[in-house]
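Here's a quick tour of some packing details worth having on hand while you look at the fold. Keep the viewer open and follow along.

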Amino acid sequence: MDLEGKHVVYVADCGGIAYETCKVLVTKKIAKLAMLHSVENPQAIAQLQALNPKTQIFFWKFDFTMSREEMQRYFEDVMMQMDYIDIMVNGSTLCKEQDIEATININLTAPINIISCAMAYMDKNKEAGRGGMIVNISSVTGLDPSPVFCVYSAAKFGVIGFTRSLAHPIYYEKTGVAVMAICCGPTKTFVRHTMKAFLEYGQEYVDKLKGAPCQETAVCARNIVRAIEMGSNGQIWLADNERLDIVKPQLYWKMSAELVEYMER
């Protein structure tokens, strides 16, 4: 996908991977960037604008705990400035194993609600829809289990399951909205946070992570944008250090011939 002239909505915090990814996006000459972030960061927004004064940048403070009905009203305001959405990036992340509700909500529930609201403005069968792409930022812990970040891993596995389900042809062929996910390896910004393991037995492992050799956030951001440019519906990408690969999920269950015949009637 050529990003020049595109209208992009990015939902996340205003720092780390999100900020670095937005820096790359504006250098790709996108026309509009809507930042729906939990914390306002005027300095970061000004730095982004300086990178490309021609890109129109809008900011809305975003509450991930909003109900779906509240989000629908929120998106009405966003669309007054954006006109339409070409690319929606779901980049929200939180790893607090001791706050189960918040970790599940921000990593899984909120992105699902966000997509349900955005789809009304992207579906090519709707008045404002032109098709487009939804990009869910997941984690390598959504591909393989984490021995210490159990709740976080469960939520990120959910993101992958939701992505694969929504990318099914029964939706894509009608909406024209491609759905893909990018699973990021750990970044230095992530591992240097003060974090707790789900159970105390894993805390020693978590503490060691603070000094572990991990990818720079800017490297991860460049790979995210590369995946968006090269990606297509249903793809799952792995971005870790200089590595950017397509992951091929395995199917473990197949409908019986009888069930296939029934569903095709």
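What follows covers two helix pairs, one helix with a buried side, and one histidine.

Bear in mind that this is a predicted model. Two helix pairs come up, α1 with α9 and α3 with α4. After those come helix α2 and its buried residues, then histidine 7 in strand β1.

**α1 against α9**

- Helix α1 spans residues 16-27 and helix α9 spans residues 217-230; their axes lie 8 Å apart, at an angle of about 55 degrees.
- That angle falls outside the 65 to 115 degrees that would count as roughly perpendicular, and α1 and α9 are therefore oblique to each other.
- The crossing of α1 past α9 is right-handed.
- On the α1 side, the contact uses Gly16, Ile17, Glu20, Thr21, Val24 and Leu25, while α9 brings in Thr217, Ala218, Cys220, Ala221, Arg222, Ile224 and Val225.
- Sorted by class, this contact of α1 with α9 comes out as eight nonpolar, three polar and two charged residues.

**α3 against α4**

- Helix α3 (residues 68-82) and helix α4 (residues 100-122) cross at roughly 45 degrees, with axes that come within 9 Å.
- The angle makes α3 oblique to α4.
- Here, too, you're looking at a right-handed crossing, with α3 passing α4.
- From α3, the contact takes in Arg68, Met71, Gln72, Phe75, Glu76 and Met79; from α4, it takes in Ala110, Asn113, Ile114, Ser116, Cys117, Ala118 and Tyr121.
- The class split for α3 with α4 is eight nonpolar, three polar and two charged.

**The two sides of α2**

- Helix α2 runs over residues 42-51, and its buried residues are Ala44, Ile45 and Leu48.
- Look down the axis of α2 and those buried residues fall within an arc of 100 degrees, so they line one face of the helix.
- What do the buried residues of α2 pack against? They pack against α1, β2 (32-37) and β3 (56-61).
- Turned away from that buried side is a face carrying the exposed residues Pro42, Gln43 and Ala50.

**Histidine 7**

- You'll find histidine 7 in strand β1, which covers residues 7-12.
- Is histidine 7 buried or exposed? Its relative accessible area is 5%, and since buried means under 20%, histidine 7 counts as buried.
- Setting aside neighbours within four places in sequence, histidine 7 is in contact with Ala31, Lys32, Met82, Asp83, Tyr84, Ile85, Asp86 and Ile87.

Technical notes: Residues numbered from 1 in each chain as written. Predicted model: local features only at pLDDT ≥ 70, side-chain atom pairs only at ≥ 80, totals over all residues. Heavy atoms only, no water. Axes fitted to C-alpha atoms, helices over the stretch in contact; angles between N-to-C directions. Helix = DSSP H or I, 4+ residues; strand = E, 2+ residues; numbered from the N terminus. Parallel < 35°, antiparallel > 145°, perpendicular 65-115°, else oblique. Left-handed = near helix turned anticlockwise from the far one by under 90°. Contact = heavy atoms within 4.5 Å. Nonpolar A, V, L, I, M, F, W, Y, C, P; charged D, E, K, R; others polar. Buried < 20%, exposed > 50% of the residue type's maximum accessible area, 1.4 Å probe, protein only. Arc of directions from axis to C-beta.
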